[in-house]
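I opened my notebook to get to know a new structure. Here is what I looked up, step by step.

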Amino acid sequence: MASNNFNYKSHVDLNDFLKINPVLGIIFFYFVGYAKKNKLPVLVTSISDDAPNRKSDTHKTFRAIDISSKKWNDFHINRIVYRINSMYRDFGTGPKNKVKRAIIHHDSGTGNHFHIQVNRLAQIED
Ligand SMILES: [Zn+2]
């Protein structure tokens with residue numbers, strides 16, 4: 001098996017990948033491809049697992065994935081956030097009256113990470 005740049009924390013349940021919103025899957029694998037091309041790691045730290053102080057239910061409803069940004073530099077952090085929000089903003093979500101986002105880079109108490117998210121209506125077009 002060829003080595004790759006995609007890994008996950010031990011508490012992440014891989015079965016959750018079978019349950020995620022398909023549009024979230026597309027965005028996630030775009031992220032994986034970007035990281036691979038730039039030799040950056042993708043360490044998934046959370047899909048549906050319950051963390052305290054969650055502000056929304058995007059994780060619980062399989063509409064969000066967290067990825068550590070520990071080994072990413074600011075250039076690539078800003079670039080991937082810009083790219084994903086440019087392409088997928090319509091599928092993003094966020095507080096009312098604020099610009100929707102499909103990816104956020106933040107520290108919500110568990111360390112700096114990317115939070116990729118989609119809204120409830122996000123689906124593959126036919
Ligand atoms: Zn998150």
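My entries below go from the sheet to a helix and then to a single residue.

**Entry 1: the sheet.** I kept in mind that I am looking at a predicted model. I began with the strands and found 5 of them in an open sheet with mixed pairing. Reading across, I noted the order β1-β2-β3-β5-β4. Which strands sit at the edges? I found β1 (6-8) and β4 (103-107), each of which pairs on one side only. I also looked up the turn between neighbouring strands of this sheet, and on average it is 35 degrees, direction ignored.

**Entry 2: β4 and its partner.** Next I followed β4 to strand β5 (residues 112-117) and counted 5 bridges joining the two. I noted that β4 and β5 run antiparallel. One pair I wrote down is Ile104, which stands opposite His115 in β5.

**Entry 3: the helix.** Then I turned to helix α1 (residues 22-37), which lies across β1, β2 (42-46), β3 (64-68) and β5. For its direction against β5 I noted about 140 degrees.

**Entry 4: Asn112.** I finished with Asn112, whose place is in strand β5. Why does Asn112 count as partly exposed? I found 13 C-beta neighbours inside 10 Å of Asn112; a residue is exposed at 12 or fewer and buried at 20 or more, so Asn112 falls in between. Leaving aside neighbours within four places in sequence, I saw Asn112 in contact with Ser69 and Asp107. I also checked Asp66, 46 residues from Asn112 along the chain, and the C-alpha atoms of these two are separated by 9.9 Å.

Definitions and conventions. Residues are numbered from 1 along each chain as its sequence is written. This is a predicted model: local features need pLDDT of at least 70, side-chain atom pairs count only at pLDDT 80 or more; totals for chains, interfaces and linings use all residues. Two strands pair if DSSP finds at least two bridges between them. Helices (H or I, at least four residues) and strands (E, at least two) are DSSP runs, numbered from the N terminus. Axes are lines fitted to C-alpha atoms, for helices over the stretch in contact, and angles run from 0 to 180 degrees between N-to-C directions. Two residues are in contact if their C-beta atoms, placed from the backbone, lie within 7 Å.
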